[in-house]
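Hello,

Here is the structure I promised to pass on. My notes on it follow below.

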Amino acid sequence: TVPGRFGGFAAGHFILSLLGWMGWLGLAGLPDCAHGRALFSWYVLLLMALYVPAGWVVSRLRGWPRPDRKTGCKAVLYPALCAWGWAFGGCGLLLLFSGREALFPLAFTGFALLALSFLLASPSALFMLLTLDLLSGSLRDAGVNAFFQSSAWFAAMFLAGLLPPMLFFLGSLLPKKRLTTAKNVIK
């Protein structure tokens, strides 16, 4: 069912987030050099790729059958909508209300949502850090205008919300070896 798949994704996602956060803390001690940045880039890509085996493991443990198209779309869309609401909501609150002293609690709420992402959704949050590094460095140096940079930022937020559930779902579709075959059934 869709709620079961949503719960399975949430379980796998939070385990990957905890592992990703701990690894990020370990990488934070690296010097800020080209080697450290390359290692960080590979680490973010590895975290995102780990959603595929996580989907396979959860699917195997829960015995999920191959879903129909409607269930599959919902299994990807519902977690993505949660991520987009969290990310775009946090950014919106922070950007809209940060300059107004009377509305500081709303701006702080947006900041808190984004900061909590590093613990609750570290693969996506680290993906956004990687994007920020790319946007602030190479694109700015290449003379790309601010509109394109902000458009690229929002496109990256869209991907950061979509990639984890999509990769998890694709992993859940991978074939699973049946444990009960005619060879290993005891009569």
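**What I found**

Ser17 sits in helix 1 (residues 2-27). Helices here are DSSP runs of H or I, at least four residues long, numbered from the N terminus. This is a predicted model: local features need pLDDT of at least 70, side-chain atom pairs count only at pLDDT 80 or more, and totals for chains, interfaces and linings use all residues. Residues are numbered from 1 along each chain as its sequence is written, and side-chain values use heavy atoms, with hydrogens and water left out.

Is Ser17 buried or exposed? Ser17 is buried, because its relative accessible area is 0%. (Buried is under 20%, exposed over 50%, partly exposed in between, with a 1.4 Å probe and protein chains only.) Setting aside residues up to four places away in sequence, Ser17 touches Leu119, Leu120, Ala121, Ser122 and Pro123. Contact means heavy atoms within 4.5 Å.

Leu119 belongs to helix 5. Leu119 is partly exposed, at 37% relative accessible area.

Leu119 also helps form a nonpolar surface patch of about 810 Å², together with Phe14, Ile15, Leu18, Leu19, Met22, Trp86, Leu116 and Leu120. Helix 1 and helix 5 (104-120) are the elements that give two or more residues to this patch. Helix 1 supplies the largest share, five residues. Patch residues have over 30% relative accessible area and no salt bridge; nonpolar side chains (Val, Leu, Ile, Met, Phe, Trp, Tyr) are joined within 5 Å, like charges within 9 Å. A salt bridge puts a side-chain nitrogen of Lys or Arg within 4 Å of a carboxyl oxygen of Asp or Glu. Areas come from the Shrake-Rupley method with a 1.4 Å probe; for residues, only the protein chains shown count as cover.

Best wishes
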